[in-house]
Amino acid sequence: MTESPKRKAEARPAISARSIALDLLSRVLEQKRPLEEAFERHPDLGKLENRDRQFVRALTTATLRHLARIDRILALLLERPLPARARNITDVLRRGAAQLLVLGTPAHAAVDSMVALTAGLGGAAGYKGLVNAVLRRIAQDGAQLLADVPPGAASLPDWLWQSWSRAYGVEQAAAIAAALLDEPPLDFTVKRPAETARWGEALHARALPGGTLRRAPHDPERPQRLYEAPGFAEGAWWVQDFAASLPAKLLGDVFNKRVLDLCAAPGGKTAQLAASGAKVTAIDRSQDRLQRLKQNLDRLGLIAECDAADATLWDAAKDFDAVLLDAPCSSTGTLRRHPDVAWLKDPRDIVKLAAAQDRLIDAALRLTRPGGTLLYCVCSLEPEEGPERIAAALARHSALQRAPLGEAEVFGLREVLTPEGDMRTFPCHLAEQGGMDGFYAARLVKTG
């Protein structure tokens, strides 16, 4: 039967969106571009309607979040691996599997669109039958296939599974891996804590320990565009994961104190400090990222002195009462929100980052006044970037001492405290309430 012009017109946007999603996956996996950068700079995304752009983002994120598991399922269904020249067919199958297994796309829509997409790829038309057969098998047996490939070692790149199972044990590593498969909620930090209840009601969000507001990922009442949400224009809140909101609070009362925020962009912790009455200086080496930080502060009506500079060399001021160092890291604790990180990083990056983190700790100590506090944190689950860096710093500097954290300072979340008195959050913490990012933080004091 010949397809009607109307039906062709209706199909075109969906196929176009899926084509762009396919290209985005290649940019992340082959070109090693961060997903946000690839998304922002893609030349064709602006041609789509907002609904289709949202679909592209959802499909690409879901594919990356479940990629290791999807690849293992495809390996079970393919008689032999596809040749390297058929990489685009592998990505088509990954996209189709994500729609069927994760997004719940109707089988006919997912299968037909992926077969049509295959037909339009140069030199790939001969794979239409294979794509159709594999995706129909997934549509039919999806639940059993997922059961055959449970979360854990099968849902992570091997290097991450080895790292986490070695550091935290197989059971904890499996719990982390399972938590990473869930779409995360949206967390807000309210500028004025006294208004938390008001904005919680307006945003359809509930309060977590410490005052963070959390909204479910699929709240039907929430606007699609964040800037349309209540309170955005007024500068009443900013988006910040619950775990990311904790380190700045570990500095205690910062009212009227001089606080240096090193590697400050995108600025969530800078905003927290400024809203608490600190005299904040924010440093970041990226002029573009620092400009975005300034724009965020302007929207929030908050003030901080900002300087674009290499934090290891900056010496425009010193003797700060407190220095918060949120060091550049592998970001493996943020895979719930940024699943591309698992496929962009590898153990070689950890070694390079650890060396940079040591230099930043030394610089932060130099800028802290005697008796002042240095708060080191990373959104990484790798021990080499967290406790090992603190142990090395304590060994290097006799004028540096650990100031252990107390249970009240982490709002009663005893499970996030390490035996040494540092903070270590896992994505599986607060699981019943939606989890949190993985963070490490240690509080240090510079002695006389």
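Here's a quick look at two helix packings and some aromatic ring pairs. The model is predicted. Helix α5 (residues 87-103) turns up in both packings: its partners are α6 (residues 107-119) and α4 (residues 67-77). On the aromatic side, the count comes to four pairs.

**α5 against α6**
- The two helices pack at about 165°, with axes 9 Å apart, and that angle makes α5 roughly antiparallel to α6.
- Their crossing is right-handed.
- From α5, the contact uses I89, V92, R95, G96, Q99 and L100, while α6 brings in A107, A110, S113, M114, L117 and T118.
- Sorted by class, that's seven nonpolar, four polar and one charged residues.

**α4 against α5**
- Here the axes come within 10 Å and cross at roughly 105°, so α4 and α5 are roughly perpendicular to each other.
- L67, I70, D71, I73 and L74 of α4 meet L93, R94, A97, A98 and L101 of α5.
- This contact has eight nonpolar and two charged residues, with no polar ones.

**Aromatic pairs**
- F188 and W237 have ring centres 4.9 Å apart and planes at 80°, so they pair edge-to-face.
- That pair links distant parts of the chain: F188 sits in strand β1 (residues 186-190) and W237 in strand β4 (residues 237-239), 49 residues apart.
- Both F188 and W237 are buried.
- W314 and F320 make a tilted pair, because their planes are at 35°; their ring centres are 6.2 Å apart.
- W314 is buried at 7% relative accessible area, and F320 is buried at 2%.
- Ring pairs also join F188, F232 and W237 into a cluster.

Methods
Residues numbered from 1 in each chain as written. Predicted model: local features only at pLDDT ≥ 70, side-chain atom pairs only at ≥ 80, totals over all residues. Heavy atoms only, no water. Axes fitted to C-alpha atoms, helices over the stretch in contact; angles between N-to-C directions. Helix = DSSP H or I, 4+ residues; strand = E, 2+ residues; numbered from the N terminus. Parallel < 35°, antiparallel > 145°, perpendicular 65-115°, else oblique. Left-handed = near helix turned anticlockwise from the far one by under 90°. Contact = heavy atoms within 4.5 Å. Nonpolar A, V, L, I, M, F, W, Y, C, P; charged D, E, K, R; others polar. Phe/Tyr/Trp six-rings, centres within 6.5 Å; stacked < 30°, edge-to-face > 60°. Buried < 20%, exposed > 50% of the residue type's maximum accessible area, 1.4 Å probe, protein only.
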